Amino acid sequence: MKYGFIGGGNMGGAMAGACKKAVGADNVLLVDRDEETTARLANSLGVTASSYDEIARDCRLIFVGVKPNLVAQVLQQLRPALQAREDDVAVVSIAAGVKIEDMCAVVGDN
């Protein structure tokens, strides 16, 4: 199973690093705001640099670790690939104050 991390800041980076120790670097994908930042963070954490689309398409558990005001924007980028999936996937926000209802309004509730 693959785990996706969107945002490699303090919280997202710490979680991605811990996940890597548990499941291995090949199973942990990370994307950040641009390709250069993604590559730098993935390299420093020892995980796989990825993209929004790849994470939405391939990961069964996706952690969104961006600023609260950016969560909806990120979820909109994930929406097409998530809605095309036929398997179960969980999207978890680690941003303060983000409600499940608000996330479901963007990506759907299934």
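## A valine and its neighbours

Let's start with Val 74, which touches Ile 6, Tyr 52, Val 64 and Val 66, with residues up to four places away in sequence not counted; contact here means heavy atoms within 4.5 Å. This is a predicted model, in which local features need pLDDT of at least 70 and side-chain atom pairs count only at pLDDT 80 or more, while totals for chains, interfaces and linings use all residues. Residues are numbered from 1 along each chain as its sequence is written, and side-chain values use heavy atoms, leaving out hydrogens and water.

## Two nonpolar cores

Val 74 is one of the residues with the most contacts inside the largest nonpolar core, together with Ile 6, Ile 55, Ile 62, Val 64, Leu 75 and Leu 78; this core has 20 residues. At least two of its residues come from each of strand S2 (28–31), helix H3 (52–58), strand S4 (61–64), helix H4 (71–84) and helix H5 (100–107). H4 gives the largest share, six residues. Another core lies apart from this one and has twelve residues, among them Ala 16, Cys 19, Leu 45 and Phe 63.

A few terms help here. A nonpolar core is a set of buried Ala, Val, Leu, Ile, Met, Phe, Trp, Tyr and Cys residues joined through side-chain atoms within 4.5 Å. Buried means under 20% relative accessible area, exposed over 50%, and partly exposed in between (1.4 Å probe, protein chains only). Helices (H or I, at least four residues) and strands (E, at least two) are DSSP runs, numbered from the N terminus.

## The sheet

Five strands make an open sheet with parallel pairing, in the order S3-S2-S1-S4-S5; two strands pair if DSSP finds at least two bridges between them. At the edges are strand S3 (48–49) and strand S5 (90–93), each pairing on one side only.

Strand S1 (residues 3–6) is joined to S4 by four bridges in the parallel sense, and Ile 6 stands opposite Val 64 in S4. S1 and S2 also run parallel, with four bridges between them, and here Phe 5 faces Leu 30 in S2. Along S1, Tyr 3 and Phe 5 point one way and Gly 4 and Ile 6 the other, and all are buried. H4 lies across S1, S4 and S5, at about 160° to S4 (axes are lines fitted to C-alpha atoms, for helices over the stretch in contact, with angles from 0 to 180 degrees between N-to-C directions).

## Two loops that meet

Pro 68 sits in the loop between S4 and H4, and Ala 95 in the loop between S5 and H5. Which of them is buried, and which partly exposed? Pro 68 is partly exposed because its relative accessible area is 43%, whereas Ala 95 is buried, at 12%.

Leaving aside neighbours within four places in sequence, Pro 68 is in contact with Ala 95, Ala 96 and Val 98. On the same basis, Ala 95 is in contact with Val 64, Val 66, Lys 67, Pro 68 and Val 71. The C-alpha atoms of Pro 68 and Ile 94 are separated by 8.8 Å, although these residues are 26 apart along the chain. Ala 95 and Gln 83 are twelve residues apart in sequence, yet 22 Å apart in space, C-alpha to C-alpha.
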